[in-house]
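Here are a few exercises to work through with the model open beside you. Try each task before you read its solution.

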Number of protein chains: 2
Amino acid sequence: MDIKLLVVDDDPAICELLRVYFEKEGCKVKVAQDGAEALNYFKLYEPDMVLLDVMMPKKDGWQVCREIREISQKPIIMVSAKSDTIDKVVGLELGADDFVVKPFDLKELSARIKAVMRRYSAHAKTGDDEVIRFDNLEISLQKYELKLKGKPVDIPPKELELLYFLASNCTRVFTRDQLLDKVWGFDYLGDSRTVDVHVKRLREKLKDVSDKWVLKTVWGVGYKFEVLQ
Amino acid sequence: MDIKLLVVDDDPAICELLRVYFEKEGCKVKVAQDGAEALNYFKLYEPDMVLLDVMMPKKDGWQVCREIREISQKPIIMVSAKSDTIDKVVGLELGADDFVVKPFDLKELSARIKAVMRRYSAHAKTGDDEVIRFDNLEISLQKYELKLKGKPVDIPPKELELLYFLASNCTRVFTRDQLLDKVWGFDYLGDSRTVDVHVKRLREKLKDVSDKWVLKTVWGVGYKFEVLQ
DNA sequence: TAACAATGTTCACAAAACCTTTACCATTAT
DNA sequence: ATAATGGTAAAGGTTTTGTGAACATTGTTA
């Protein structure tokens, strides 16, 4: 990975960790400790990508993200301690390209950086609205919207994310633990029966919508989005 | 939670507390009181996860973590009295999977163990879809699906696993005990007639599906998936 | 700030699916 | 013929899942 990286975090230990790791990966790394410094370095240093912590004194990550977006479309990955869905949405709305939750796995972060760079260089601006479609079903992550039989239906974020994940990996079975991992996040602490309840509520909403697909229980294993016929 | 746990702490009271608690949770627990002992037990006992105290006489937790990482990728949770960020960063850099601060809440610790195990097992098998195919027969472990003559057929997990095993080792005979071993698990305690019943139910489902293979009884020995012609 | 609404999580119990054992009969080998 | 082995139906018993309701959390509004 041969890119210029700007790391923005008020915690020197984390900055140092990231610097060491990504220099070993072959990146050039510049570090900024607060929002103002970040903006200065961004203009001077012209990095290929920004790793931006959300919680910082003075100017927070959202503000920095907004200001960078006024002058550049370079990819930004937000880093936060909160796994809050709203945060994720806010971040993506402000033009961030990805979102990583502390404590992060360095390997995963590295993979995400590569993925974002790939997207960025492939189509600098395709504005890819990732929409999943099946019979009478339409899910847009960009709009965070669910349409059944063509009509928008209110749905809580977690349910939407779960349905989106299952539908975009249709026919494949996932255990509850795998779903917690993929949808709730790898650092989620909680009961796997939570998945059951979300599936139950999804099924209520999806009842009588289509007979060409179904949220199926695979006994002893987990759930899958099954496509029929 | 059915895992083997290695607890490393120089305080016997804490070891005992953890041992009692996690045995009640269904784990097997081994205790080591210092770093050297920890490494020996790790090699001998082959635990699924290590709970590792940072501050210990002689060899400290960092050192133990480093040495375990030289021989294994098994998950490690570091336990420390300091909530210092530096500690956390160092720990994660050394390859620890999570970090818990004393005094800890047993429930939270338990939840973290589950979360780490989830991550670990999710990463461990980036399963390609291993599909078994014979005439009019298709078994996918990833989809947990059985197709006969191209059409999906509902089937309980044990039956699917048994058929999958036999078909993926076709023409070879297995005794009931071997099947219990391979399909049910080496620690399964039960009657070997259980296999008969599953074979019977499989045969019902597989009747009239194909004449190019068959679940055959090898008298006095066991069963095999036989390919004809 | 307090009350409220929406969402997410946990819990307990009911329901369903599945697995195992048992008993009895059929088949095979000697 | 008889002893050993396999097939099968049915009866529990166990595990897993569904579900309603309570509780917790978060964000919103008055």
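**Exercise 1: a helix and its two sides**

Which residues are buried in helix H2 (residues 35-45) of chain B? Keep in mind that this is a predicted model.

Solution.
- Step 1. Apply the cut-off: a residue is buried when its relative accessible area is under 20%. In H2(B), that picks out B:Gly35, B:Ala38, B:Leu39, B:Phe42 and B:Tyr45.
- Step 2. Look down the axis of H2(B): the buried residues fall within an arc of 155°, so they line one face of the helix.
- Step 3. Recall the helix geometry: an α-helix has 3.6 residues a turn, so residues three or four places apart point the same way.
- Step 4. Turn to the face of H2(B) directed away from the buried side, where you will find the exposed residues B:Lys43 and B:Leu44.
- Step 5. Find the cover: the buried residues of H2(B) are covered by elements including strand S1 (4-8), strand S2 (28-32), strand S3 (49-53) and helix H3 (61-71) of chain B.

**Exercise 2: the ends of the helix**

Which residue caps the N-terminal end of H2(B), and which residue just after H2(B) takes a positive phi?

Solution.
- Step 1. At the N-terminal end, the cap is B:Asp34, with a side-chain oxygen 3.0 Å from the backbone nitrogen of B:Ala36.
- Step 2. Just beyond H2(B), the phi of B:Glu46 is positive, at about 50°.

**Exercise 3: the surface near a DNA strand**

How many residues surround DNA strand D, and how do they divide by class?

Solution.
- Step 1. Count the surroundings: there are 24 residues, and the closest are A:Arg203, A:Thr217, A:Tyr223, B:Arg193 and B:Tyr223.
- Step 2. Sort them by class: 12 are charged, eight nonpolar and four polar.
- Step 3. Check the DNA side: of the atoms of strand D within 4 Å of the protein, 66% belong to sugar or phosphate, and the rest to bases.
- Step 4. Pick out polar contacts. A side-chain N or O atom of A:Arg203 is 2.8 Å from a phosphate oxygen of strand D, and a polar backbone atom of B:Gly220 is 3.0 Å from a phosphate oxygen. A base nitrogen lies 2.8 Å from a polar side-chain atom of A:Arg193.
- Step 5. Assign elements: helix H8 (193-206) and strand S11 (213-218), in chain A and in chain B, each give two or more residues to this surface. H8(B) gives the most, with five residues.

Terms used: Residues are numbered from 1 along each chain as its sequence is written. Chains are lettered from A and ligands numbered from 1 in the order in which they are written. This is a predicted model: local features need pLDDT of at least 70, side-chain atom pairs count only at pLDDT 80 or more; totals for chains, interfaces and linings use all residues. Side-chain values use heavy atoms; hydrogens and water are left out. A residue is near a molecule or strand if one of its heavy atoms lies within 4 Å of it. A polar contact is a pair of N or O atoms within 3.5 Å; within protein, one must be able to donate a hydrogen and the other to accept it, and residues adjacent in sequence count only if both atoms are side-chain atoms. Helices (H or I, at least four residues) and strands (E, at least two) are DSSP runs, numbered from the N terminus. Ala, Val, Leu, Ile, Met, Phe, Trp, Tyr, Cys and Pro count as nonpolar, Asp, Glu, Lys and Arg as charged, and the others, Gly among them, as polar. Buried means under 20% relative accessible area, exposed over 50%, partly exposed in between (1.4 Å probe, protein chains only). The arc is that of the directions from the helix axis to the C-beta atoms. Contact means heavy atoms within 4.5 Å.
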